[in-house]
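User: Hi! Could you walk me through this one? I'd like to start with the fold and then look at some side chains.

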Amino acid sequence: MNSNTQKSGASHVYVLLISACLAALVVSTIGSWFFYSRWDELSDQYSAIVSQNNATSQQLDQIETEFQRIYPDLLLLRDPDYRSIMMDPTDDTRHDHCRIYWNTYTRKVYLDLLSLSPPDSGKEYRVWCKADRSYQLVAVLQDAADGDALLSLGNVASAQEWAISEEVAGDTTSKAPGKVLFTGR
């Protein structure tokens, strides 16, 4: 009986060990599944954050590039040495607007197109200044439809009046403005 008791006790120990192993296997499997699912969720969240960070970085780069492009214009607009000359349309039916910035010390001239519509087909805009009763051609505006930047028109030493005219494209014979669309003082 002693040997039967030993066999029964040994088999009971084996049953307990196998049960403990099976329980450890179940707990280990559940733990592994839980931690894997959490890791997978966090991995997806990390990927989303990295993607969002990249998009934000690209937007920041675009904003910085745009700022670098317009910064010189902002400095010019804030410079008290520049006179702002609003160019008023000569025809009340026009709803276009533009402005000239002129520095009398450095003689630099810029045009802010604001909302200037393109010229008629076969025509071009010309910017003139009047000094000492005669007109001087300042610039010919070709494809100047980009109204979000100031256009450098060169240098003008003296001017009492400004005009923008619409002329036949390529005509170099005119010494004074033809069809004046805008004037300013």
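Analyst: Happy to; here is a short tour of the sheet and the aromatic pairs.

Analyst: This is a predicted model, where local features need pLDDT of at least 70 and side-chain atom pairs count only at pLDDT 80 or more, while totals for chains, interfaces and linings use all residues. Residues are numbered from 1 along each chain as its sequence is written, and side-chain values use heavy atoms, with hydrogens and water left out.

User: What is the mean pLDDT of the chain?

Analyst: The mean is 88, and 93% of the residues reach 70 or more; pLDDT is the predictor's confidence in each residue, from 0 to 100. Among the elements, helix α1 (residues 2-78) has the lowest mean at 89, and strand β2 (residues 98-103) has the highest at 94. Helices (H or I, at least four residues) and strands (E, at least two) are DSSP runs, numbered from the N terminus.

User: Nice. How many strands are in the sheet, and in what order?

Analyst: There are 8, forming an open antiparallel sheet in the order β5-β4-β7-β8-β1-β2-β3-β6. Two strands pair if DSSP finds at least two bridges between them.

User: Which strands stand at the edges?

Analyst: Those are β5 (134-141) and β6 (150-155); each has a single partner strand, so one side of each is left without a neighbour in the sheet.

User: And what does β7 pair with?

Analyst: On one side β7 pairs with β4 over 8 bridges, where Trp 128 has Ala 163 in β7 as its bridge partner. β7 also pairs with strand β8 (residues 179-184) over 5 bridges, and there Ile 164 is partnered by Phe 182.

User: Is β7 mostly covered or exposed?

Analyst: Mostly covered: 7 of the 8 residues in β7 (residues 161-168) are buried. Buried means under 20% relative accessible area, exposed over 50%, and partly exposed in between (1.4 Å probe, protein chains only).

User: Switching topic: how many aromatic pairs turn up?

Analyst: The search of the whole structure finds 5. Rings of Phe, Tyr and Trp (its six-membered ring) pair if their centres lie within 6.5 Å; planes under 30 degrees apart count as stacked, over 60 as edge-to-face and the rest as tilted. One of the pairs is Phe 34 with Phe 35, with centres 5.3 Å apart and planes at 75 degrees, so this pair is edge-to-face. Phe 34 is partly exposed at 41%, and Phe 35 is exposed at 57%.

Analyst: Trp 102 and Trp 162 also form an edge-to-face pair, 5.6 Å centre to centre with 70 degrees between the planes. Trp 102 lies in strand β2 and Trp 162 in strand β7, 60 residues apart.

User: Are those two Trp residues buried or exposed?

Analyst: Trp 102 is buried at 4% relative accessibility, and Trp 162 is buried at 1%.
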